[in-house]
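Reader: I would like a close look at one part of this model. Please keep it brisk and stay with what can be computed from the atoms.

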Amino acid sequence: MNDDSPRPVAVVVGGGLAGVTAALRLADAGLDVTLLEGRPRLGGLAFSFQRGDLTVDNGQHVYLRCCTGYRWFLDRIDAAGLAPIQDRLDVPVLDVGRAAGPRLGRLRRTGLPVPLHLAGGLAAYPHLSLAEKASVGRAALALGRLDPADPELDRVDFATWLRRHGQSERTIEALWDLVGVATLNATAPNASMALAAKVFKTGLLSEPGAADIGWATVPLGELHDTLARKALDTAGVRTELRAKAGSLTRTEDGRWNVETAGERITADTVVLAVPQTETHDLLPAGALDEPDLLLDIENAPILNVHVIYDRKVLRRPFFAAIGSPVQWVFDRTHSSGLTGPGQYLAVSQSAAQDEIDLPVAELRSRYLPELERLLPAARGAGIRDFFVTRERTATFAPAPGVGRLRPGPRTRLPGLQLAGAWTDTGWPATMEGAVRSGAGAADAALHDLGRPPGHPLQEAA
């Protein structure tokens with residue numbers, strides 16, 4: 001292609017992390033890119049909104065050092081300094097289910113090589129017996145020998161595998177589900193062993209620092225909307241908000257027409273980066289062998305309980321709980337812009353099928369006393385605000401068998417690619433999976449256009 005040839009035209013449908021990644025990748029390769037997003041903002045399900053003077057994240061999102069795709073994304077939008085990573089994994093875990101009273105433990109690593117980096121932390125972890133700790137070590141060694149891409153693993157649930165490898169109910173509660181529920185959005189009986197193996201093998205057994213935790217110190221909207229939009233603008237992407245794609249059709253010359261309420265765009269390549277049901281509705285005939293399989297990919301909810309106290313009740317940035325309905329608690333005071341003597345805590349509840357539709361009053365009566373049980377300083381504290389955010393379709397459900405339902409980035413129709421954390425990335429539904437899906441879809445498009453991509457995510461583990 002000579003320098004005078006017109007630039008190929010690309011349309012990306014969907015402005016979540018997958019769509020923004022795809023748009024940036026295509027624009028960086030020299031394409032003329034339009035990004036369509038039906039909402040009035042970018043960021044998908046990792047966003048912020050205003051509540052009075054506060055900027056509130058719809059839910060707490062973290063990532064790990066092994067999330068090389070999302071770390072690339074942060075670098076690409078010039079936001080890495082706004083979402084720092086721990087120097088070393090350190091998770092406070094509070095057990096309030098003991099008859100003898102609450103006990104605080106920590107999940108920590110050292111700088112030793114894998115798997116010795118976790119040995120000291122496991123030995124000092126007070127929530128498991130010596131026999132349970134030994135069983136964890138044996139299970140971890142067995143897990144390290146697994147191939148997460150083995151389709152047989154996708155037919156087995158995580159709990160069954162854990163029990164086969166000597167894990168007690170206590171071990172599952174105090175360790176495996178503590179991590180797994182937050183990363184998979186499912187308890188062990190409801191999680192594909194393939195996806196569980198991906199999480200634990202990559203996060204705990206790939207390199208010493210792989211599981212170090214990072215999170216945004218600013219509202220998610222500043223990253224995934226404001227800075228993402230700035231990066232898109234700088235790259236030359238035309239971003240259209242409140243622009244929902246209504247149809248997608250082939251032209252006589254093999255290109256694509258993308259229709260919105262306001263315009264028709266003719267493109268050489270299209271990336272659909274929207275949820276699986278919306279993708280199903282937009283897909284032209286013949287795009288997938290079995291398009292209805294997309295409708296079998298179920299969703300899993302996440303509930304977030306937000307409490308603003310009139311004084312400081314927690315002196316750590318976050319902690320996890322066992323022996324309690326509370327899962328993870330984060331201090332969001334600074335990032336929300338809260339001023340004065342109060343403190344803003346966000347309680348993140350994954351796999352929340354039993355609670356997602358409960359009335360706010362019932363959730364208040366359930367969680368305020370529980371927070372007082374976990375945090376003695378909260379007893380007697382005034383409640384300045386209490387509210388709930390619900391994401392009923394937060395992630396795809398990582399149930400056994402889901403792997404066969406997840407399509408890759410390519411369709412059977414040239415110039416049409418799929419992206420989204422629900423596609424076959426090998427990862428569960430995380431920000432990392434979303435970014436990787438967008439990169440994969442863009443790279444497939446560029447390859448078919450004769451522009452082989454050279455991209456750092458190709459080197460990602």
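Which strand does β6 pair with, and in which sense, parallel or antiparallel?

Author: This is a predicted model. Strand β6 covers residues 90-95 and pairs with β15. The sense is parallel, over 3 bridges. Within this pairing, Leu 94 stands opposite Ala 321 of β15.

Now take β15 itself. The strand runs over residues 318-322, and 5 of its 5 residues are buried. Both faces are covered. Phe 318, Ala 320 and Ile 322 are buried on one side. Phe 319 and Ala 321 are buried on the other. Ala 321 thus appears twice here: as a buried residue of β15 and as the residue across from Leu 94.

β15 has another partner. Strand β16, residues 328-331, is joined to β15 by 3 bridges. Here the strands run antiparallel. Phe 318 has Phe 330 of β16 as its bridge partner. β15 and β16 form a hairpin, with 5 residues between the strands. In that hairpin, Gly 323 takes a positive phi near 70°.

Next, the pocket that β15 helps to line. The second largest pocket has a volume of about 400 Å³. It is lined by 23 residues. Closest to its centre are Val 181, Thr 187, Ser 324, Pro 325 and Gln 327. Four elements each supply at least two lining residues: α6 (169-184), β15, β17 and α11 (360-374). α6 gives the most, with 5 residues. By type, the lining divides into 11 nonpolar, 7 polar and 5 charged residues.

β17 also leads to another space. β17 (343-350) and β14 (299-309) each supply at least two residues to the lining of the largest cavity. The volume of that cavity is about 40 Å³. The model has 1 cavity of 30 Å³ or more. The residues lining the largest cavity are Asp 57, Gly 59, Gln 60, Asn 304, His 306, Arg 332, Tyr 344 and Ala 346. They divide into 2 nonpolar, 4 polar and 2 charged. So β17 contributes both to this cavity lining and to the lining of the second largest pocket.

One more site, in a loop. Gly 415 lies between β18 (383-396) and β19 (416-418). Gly 415 is buried, because its relative accessible area is 9% and the cut-off is under 20%. Leaving aside residues up to four places away in sequence, Gly 415 touches Trp 256, Asp 268, Thr 269 and Val 270. The C-alpha atoms of Gly 415 and Leu 449 are separated by 8.2 Å, although the two residues are 34 apart along the chain.

Finally, the whole chain as a setting. The secondary structure comes to 12 helices and 19 strands. Buried residues make up 55% of the 461 residues. Among contacts with a separation of 6 or more, 69% join residues 24 or more positions apart. The C-alpha trace spans about 75 × 50 × 40 Å along its principal axes. The radius of gyration is 23 Å, which agrees with the value near 23 Å for a compact globule of 461 residues.

Back to your strand pair. β15 lies in a parallel pairing with β6 and an antiparallel one with β16. Its 5 residues are buried, and β15 supplies at least two residues to the lining of the second largest pocket.

Definitions and conventions:
Residues are numbered from 1 along each chain as its sequence is written. This is a predicted model: local features need pLDDT of at least 70, side-chain atom pairs count only at pLDDT 80 or more; totals for chains, interfaces and linings use all residues. Side-chain values use heavy atoms; hydrogens and water are left out. On a 1 Å grid over the protein atoms alone, a cavity is a set of points where a 1.4 Å probe fits but cannot get out, and a pocket is an open set with protein on both sides within 12 Å along at least five of seven lines; lining residues have an atom within 4 Å of a point. Grid points are joined across faces, edges and corners, and a volume is the space filled by probe spheres set on the points. Ala, Val, Leu, Ile, Met, Phe, Trp, Tyr, Cys and Pro count as nonpolar, Asp, Glu, Lys and Arg as charged, and the others, Gly among them, as polar. Buried means under 20% relative accessible area, exposed over 50%, partly exposed in between (1.4 Å probe, protein chains only). Two strands pair if DSSP finds at least two bridges between them. The radius of gyration is taken over C-alpha atoms; the globule rule is 2.2 Å times the number of residues to the power 0.38. Contact means heavy atoms within 4.5 Å.
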